[in-house]
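Visitor: I should like a close look at a single part of this protein. Please take one helix and explain how it is placed among its surroundings.

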Amino acid sequence: MVDAARARKLADRIQQIVAEMLERRIKDPRLGFVTVTDTRITNDLRDATVYYTVYGSDGERAETAAALESAKGVIRSEVGRKTGVRHTPSLTFVMDSLMENVAHIDDLLAQARAKDAEVAKAAQGASPAGEANPYRENGPDEDEDLDEDEDDEDDAEFDGHDAAGDGEDGRSGRPPS
(Lines give C-alpha, C1' and ligand atoms only; values in the text may rest on other atoms or scores of the structure.)
Protein backbone atom coordinates (compact mmCIF):
# COMPACT_ATOMS: atom_id res chain seq x y z
CA MET A 1 0.00 0.00 0.00
CA VAL A 2 1.12 3.51 -0.78
CA ASP A 3 0.60 6.78 1.00
CA ALA A 4 -2.68 8.39 -0.09
CA ALA A 5 -0.95 11.72 -0.76
CA ARG A 6 1.55 10.04 -3.09
CA ALA A 7 -1.25 8.24 -4.93
CA ARG A 8 -3.14 11.54 -5.35
CA LYS A 9 -0.04 13.30 -6.68
CA LEU A 10 0.57 10.49 -9.15
CA ALA A 11 -3.07 10.61 -10.26
CA ASP A 12 -2.81 14.36 -10.81
CA ARG A 13 0.39 13.90 -12.81
CA ILE A 14 -1.23 11.18 -14.95
CA GLN A 15 -4.17 13.51 -15.60
CA GLN A 16 -1.80 16.24 -16.81
CA ILE A 17 0.15 13.85 -19.04
CA VAL A 18 -2.98 12.36 -20.61
CA ALA A 19 -4.50 15.80 -21.26
CA GLU A 20 -1.26 17.00 -22.84
CA MET A 21 -1.04 13.86 -24.99
CA LEU A 22 -4.60 14.25 -26.22
CA GLU A 23 -4.03 17.89 -27.04
CA ARG A 24 -0.65 17.67 -28.77
CA ARG A 25 0.40 14.16 -29.79
CA ILE A 26 -2.67 12.07 -30.58
CA LYS A 27 -3.80 13.01 -34.09
CA ASP A 28 -6.71 10.59 -34.48
CA PRO A 29 -9.52 12.25 -36.51
CA ARG A 30 -12.11 10.37 -34.44
CA LEU A 31 -10.96 12.21 -31.32
CA GLY A 32 -13.49 14.93 -30.50
CA PHE A 33 -13.30 17.86 -28.14
CA VAL A 34 -12.11 15.92 -25.07
CA THR A 35 -11.64 17.27 -21.55
CA VAL A 36 -9.95 15.11 -18.91
CA THR A 37 -11.96 15.80 -15.75
CA ASP A 38 -10.39 13.48 -13.16
CA THR A 39 -7.99 10.60 -12.65
CA ARG A 40 -8.13 8.05 -9.88
CA ILE A 41 -5.51 5.44 -9.09
CA THR A 42 -5.70 2.35 -6.91
CA ASN A 43 -3.72 2.17 -3.67
CA ASP A 44 -1.24 -0.28 -5.17
CA LEU A 45 -0.62 2.12 -8.12
CA ARG A 46 -1.42 -0.65 -10.64
CA ASP A 47 -4.60 0.71 -12.25
CA ALA A 48 -5.55 4.26 -13.16
CA THR A 49 -8.99 5.37 -14.26
CA VAL A 50 -9.13 8.48 -16.42
CA TYR A 51 -12.48 10.28 -16.52
CA TYR A 52 -13.24 12.46 -19.54
CA THR A 53 -16.05 14.39 -21.16
CA VAL A 54 -16.69 14.98 -24.84
CA TYR A 55 -18.56 17.94 -26.24
CA GLY A 56 -20.82 16.73 -29.00
CA SER A 57 -23.40 14.15 -29.99
CA ASP A 58 -23.61 10.51 -28.94
CA GLY A 59 -21.92 9.47 -32.19
CA GLU A 60 -18.95 11.74 -31.49
CA ARG A 61 -18.73 10.35 -27.97
CA ALA A 62 -18.60 6.79 -29.29
CA GLU A 63 -15.92 7.70 -31.84
CA THR A 64 -13.86 9.43 -29.14
CA ALA A 65 -14.14 6.35 -26.89
CA ALA A 66 -12.85 4.18 -29.75
CA ALA A 67 -9.98 6.61 -30.43
CA LEU A 68 -8.97 6.60 -26.75
CA GLU A 69 -8.99 2.80 -26.66
CA SER A 70 -6.75 2.62 -29.72
CA ALA A 71 -4.33 5.21 -28.31
CA LYS A 72 -4.22 3.65 -24.84
CA GLY A 73 -0.85 1.93 -25.39
CA VAL A 74 0.91 5.09 -26.61
CA ILE A 75 -0.53 7.11 -23.75
CA ARG A 76 0.47 4.47 -21.20
CA SER A 77 4.06 4.36 -22.42
CA GLU A 78 4.27 8.15 -22.21
CA VAL A 79 2.83 8.06 -18.68
CA GLY A 80 5.49 5.51 -17.68
CA ARG A 81 8.27 7.57 -19.23
CA LYS A 82 7.23 10.84 -17.60
CA THR A 83 6.30 9.54 -14.12
CA GLY A 84 9.28 7.27 -13.56
CA VAL A 85 7.40 4.72 -11.45
CA ARG A 86 8.60 1.12 -11.44
CA HIS A 87 5.31 -0.28 -12.72
CA THR A 88 3.32 1.88 -15.12
CA PRO A 89 -0.36 1.71 -14.21
CA SER A 90 -2.79 0.32 -16.73
CA LEU A 91 -5.18 2.98 -18.02
CA THR A 92 -8.94 2.76 -18.23
CA PHE A 93 -10.89 5.55 -19.90
CA VAL A 94 -14.37 6.20 -18.53
CA MET A 95 -16.87 8.69 -19.87
CA ASP A 96 -17.66 11.13 -17.08
CA SER A 97 -21.38 11.75 -16.66
CA LEU A 98 -20.73 15.27 -15.43
CA MET A 99 -22.54 16.98 -18.29
CA GLU A 100 -25.64 14.79 -17.90
CA ASN A 101 -25.66 15.51 -14.16
CA VAL A 102 -25.41 19.25 -14.82
CA ALA A 103 -28.33 19.09 -17.27
CA HIS A 104 -30.40 17.08 -14.79
CA ILE A 105 -29.69 19.56 -11.98
CA ASP A 106 -30.59 22.47 -14.27
CA ASP A 107 -33.92 20.78 -15.06
CA LEU A 108 -34.63 20.25 -11.36
CA LEU A 109 -33.80 23.88 -10.56
CA ALA A 110 -36.13 25.07 -13.35
CA GLN A 111 -38.94 22.93 -11.93
CA ALA A 112 -38.29 24.32 -8.43
CA ARG A 113 -38.37 27.89 -9.74
CA ALA A 114 -41.70 27.22 -11.50
CA LYS A 115 -43.23 25.76 -8.33
CA ASP A 116 -41.91 28.67 -6.27
CA ALA A 117 -43.53 31.07 -8.71
CA GLU A 118 -46.85 29.19 -8.38
CA VAL A 119 -46.67 29.35 -4.58
CA ALA A 120 -45.80 33.06 -4.65
CA LYS A 121 -48.72 33.72 -7.01
CA ALA A 122 -51.13 31.81 -4.73
CA ALA A 123 -49.82 33.58 -1.62
CA GLN A 124 -50.02 37.03 -3.17
CA GLY A 125 -53.53 37.85 -1.95
CA ALA A 126 -53.53 35.58 1.11
CA SER A 127 -53.75 36.72 4.71
CA PRO A 128 -52.98 34.90 8.00
CA ALA A 129 -55.75 32.64 9.34
CA GLY A 130 -55.69 34.08 12.87
CA GLU A 131 -54.44 37.23 14.47
CA ALA A 132 -51.40 39.01 13.10
CA ASN A 133 -49.44 37.97 16.21
CA PRO A 134 -50.74 34.60 17.50
CA TYR A 135 -48.65 34.70 20.70
CA ARG A 136 -50.12 36.16 23.87
CA GLU A 137 -48.07 39.02 25.13
CA ASN A 138 -48.24 40.47 28.62
CA GLY A 139 -47.18 44.01 29.21
CA PRO A 140 -43.94 44.51 31.16
CA ASP A 141 -45.85 45.72 34.26
CA GLU A 142 -48.12 42.65 34.38
CA ASP A 143 -45.20 40.15 34.48
CA GLU A 144 -43.39 41.90 37.33
CA ASP A 145 -46.54 42.30 39.44
CA LEU A 146 -47.37 38.59 39.17
CA ASP A 147 -43.87 37.51 40.24
CA GLU A 148 -43.81 39.82 43.26
CA ASP A 149 -47.27 38.69 44.45
CA GLU A 150 -46.26 35.02 44.31
CA ASP A 151 -43.08 35.67 46.32
CA ASP A 152 -45.06 37.52 48.99
CA GLU A 153 -47.49 34.60 49.35
CA ASP A 154 -44.61 32.10 49.70
CA ASP A 155 -42.97 34.21 52.39
CA ALA A 156 -46.22 34.50 54.34
CA GLU A 157 -46.71 30.71 54.43
CA PHE A 158 -43.14 29.84 55.48
CA ASP A 159 -42.64 29.54 59.22
CA GLY A 160 -38.86 28.84 59.10
CA HIS A 161 -39.00 25.15 60.12
CA ASP A 162 -37.53 22.25 58.13
CA ALA A 163 -40.54 19.93 58.11
CA ALA A 164 -38.88 17.13 56.09
CA GLY A 165 -35.60 17.23 58.04
CA ASP A 166 -33.53 17.16 54.86
CA GLY A 167 -31.92 20.56 55.10
CA GLU A 168 -34.38 22.01 52.61
CA ASP A 169 -36.92 24.60 53.54
CA GLY A 170 -39.67 22.90 51.54
CA ARG A 171 -40.14 25.71 49.06
CA SER A 172 -39.31 25.17 45.44
CA GLY A 173 -36.81 27.44 43.72
CA ARG A 174 -35.16 28.74 46.91
CA PRO A 175 -31.85 27.63 48.35
CA PRO A 176 -31.80 26.48 52.00
CA SER A 177 -31.09 29.22 54.55
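Guide: The following account takes helix α2 as its centre and then turns to the elements around it.

The model is a predicted one. The protein contains 5 helices and 3 strands, and from the N terminus these elements follow one another in the order α-β-β-α-α-β-α-α. Of its 177 residues, 23% count as buried. The accessible surface amounts to about 13000 Å², and carbon and sulfur atoms contribute 49% of that area. Among contacts with a separation of 6 or more, 59% join residues that lie 24 or more positions apart.

Helix α2 comprises residues 58-70, 13 residues in number. From its first C-alpha to its last it reaches 19 Å, close to the 18 Å expected at 1.5 Å a residue. Its buried residues are T64, A67 and L68. These three cover an arc of only 100° around the axis, which puts them on the same side of α2. The spacing has a general background: an α-helix has 3.6 residues a turn, so residues three or four places apart point the same way. The cover over the buried residues of α2 includes helix α1 (4-25), strands β1 (33-41) and β2 (47-55), helix α3 (72-83) and strand β3 (90-95).

Helix α2 also takes part in a salt bridge. The side chains of R61 and E100 meet with a distance of 3.1 Å from N to O. R61 lies in helix α2 and E100 in helix α4 (residues 98-123), so this pair ties together parts that are 39 residues apart in sequence. Both partners are partly exposed: R61 has a relative accessible area of 21%, and E100 stands at 38%. Elsewhere, salt bridges with shared partners join E20, R25, E78, R81 and K82 into one network. In the whole structure, 11 salt bridges are found.

Helix α1, one of the elements that cover α2, can be described in similar terms. Its 22 residues should span 32 Å at 1.5 Å a residue, and its end C-alpha atoms are 30 Å apart, which agrees. The buried residues of α1 are A7, L10, A11, I14, Q15, I17, V18, M21 and L22. Their cover includes β1, β2, α2, α3 and β3. The relation between the two helices is thus mutual, because α1 is included in the cover of the buried residues of α2 and α2 is included in that of the buried residues of α1.

Within α1 there is a further salt bridge, formed by R8 and D12, whose closest N and O atoms are 2.7 Å apart. Both residues lie in this helix, 4 residues apart, about one turn. R8 is partly exposed at 36% relative accessible area, and D12 is likewise partly exposed at 33%. In general terms, side chains of opposite charge can pair when their charged atoms come close.

Helix α3 also contributes to the cover of α2, and T83 lies in α3. The side chain of T83 reaches the backbone oxygen of V79 at 2.7 Å. Beyond its neighbours within four places in sequence, T83 is in contact with L10, R13, I14 and I17. Of these contact partners, L10, I14 and I17 belong to the buried residues of α1.

Strand β3, another element covering α2, holds T92. With 36% relative accessibility, T92 counts as partly exposed. Leaving aside neighbours within four places, T92 is in contact with A48, T49 and V50. The C-alpha atoms of T92 and D47 are separated by 7.7 Å, although the two residues are 45 positions apart along the chain.

Strands β1 and β2, both included in the cover of α2, are joined by a loop that contains L45. L45 has a positive phi of about 60° although it is not a glycine. By way of background, most residues other than glycine have a negative phi. L45 is buried, with a relative accessible area of 9%.

To return to the helix in question, α2 has its buried residues T64, A67 and L68 on the same side, while its residue R61 pairs with E100 in a salt bridge.

Note on methods: Residues numbered from 1 in each chain as written. Predicted model: local features only at pLDDT ≥ 70, side-chain atom pairs only at ≥ 80, totals over all residues. Heavy atoms only, no water. Buried < 20%, exposed > 50% of the residue type's maximum accessible area, 1.4 Å probe, protein only. Contact = heavy atoms within 4.5 Å. Areas by Shrake-Rupley, 256 points an atom, 1.4 Å probe, with all protein chains shown as cover. Expected span 1.5 Å × (residues − 1). Arc of directions from axis to C-beta. Polar contact = N/O pair within 3.5 Å; in protein donor to acceptor, adjacent residues only side chain to side chain. Salt bridge = Lys/Arg side-chain N within 4 Å of Asp/Glu carboxyl O.
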